[in-house]
Amino acid sequence: MNVLVAAKPQRDPVRESIAGDQTIAIIRYILPKWSAAHEWLSQALDAARQVHGRRATKVGKLTVLVQWSQPADLDSTFATVVVTKKTSLNEWNWRNN
């Protein structure tokens with residue numbers, strides 16, 4: 001797994017909003033033909049934050065996963081965003097983290 005972008009969790013709503021916008025911009029750059037990227041990612045990031053949700057969708061041959069994360073060694077929570085060609089998302093399964 002290669003991490004392209006990592007951001008420290010932010011409790012500040014303004015910084016959180018900026019981080020979400022940057023995440024959407026990066027995914028739109030990586031997947032420029034995905035016309036529903038902004039709407040889908042906005043909803044998935046909101047679900048991760050509000051209800052600790054997990055969303056995945058296929059975009060061509062790629063899978064995009066957004067999920068809530070709270071590592072044991074951090075006080076804060078954040079969203080993990082994965083873009084992969086792998087057919088299984090087990091590597092990012094909550095039970096495995």
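**Notebook: sheet, helix 2 and salt bridges**

Started with confidence by element: strand 3 has the lowest mean pLDDT of the elements in the chain, 86, and strand 1 has the highest, 94. I keep in mind that this is a predicted model. Over the chain, pLDDT averages 82, and 76% of the residues score at least 70.

**Entry: the sheet**

I looked up the strand order next. The sheet is open, built from 3 strands in the order 1-2-3, with antiparallel pairing. Strand 1 (54-59) and strand 3 (78-84) each have a single partner strand, so they are the edges, and one side of each has no neighbour in the sheet. From one strand to the next I get an average twist of 15 degrees.

Then I zoomed in on one pairing. How many bridges join strand 1 and strand 2? I find 6 bridges between strand 1 and strand 2 (residues 62-69), in the antiparallel sense. For a handle on the register, I noted that A56 sits opposite L65 in strand 2.

What does helix 2 touch in the sheet? Helix 2 (residues 37-51) packs on the sheet and touches strand 1, strand 2 and strand 3. I also wrote down the angle: the direction of helix 2 makes about 30 degrees with that of strand 2.

**Entry: salt bridges**

I searched for charged side-chain pairs, taking a Lys or Arg side-chain nitrogen within 4 Å of an Asp or Glu carboxyl oxygen. The count comes to 2 salt bridges.

One of them pairs D46 with R49, at 3.1 Å from N to O. Both residues belong to helix 2, so this brings me back to the helix on the sheet; D46 and R49 are 3 residues apart, about one turn of the helix. I checked how open the pair is. D46 has 32% relative accessibility and R49 has 42%. Buried means under 20% and exposed means over 50%, so values in between are called partly exposed. That puts D46 in the partly exposed class, and R49 goes there too.

The other entry on my list is E91 with K86, where the closest N and O atoms are 2.6 Å apart. Are these two residues buried, exposed or partly exposed? E91 comes out partly exposed at 37% relative accessibility, and K86 is also partly exposed, at 43%.

How values were computed. Residues numbered from 1 in each chain as written. Predicted model: local features only at pLDDT ≥ 70, side-chain atom pairs only at ≥ 80, totals over all residues. Heavy atoms only, no water. Pairing = 2+ DSSP bridges. Helix = DSSP H or I, 4+ residues; strand = E, 2+ residues; numbered from the N terminus. Axes fitted to C-alpha atoms, helices over the stretch in contact; angles between N-to-C directions. Contact = heavy atoms within 4.5 Å. Buried < 20%, exposed > 50% of the residue type's maximum accessible area, 1.4 Å probe, protein only. pLDDT = per-residue confidence, 0-100.
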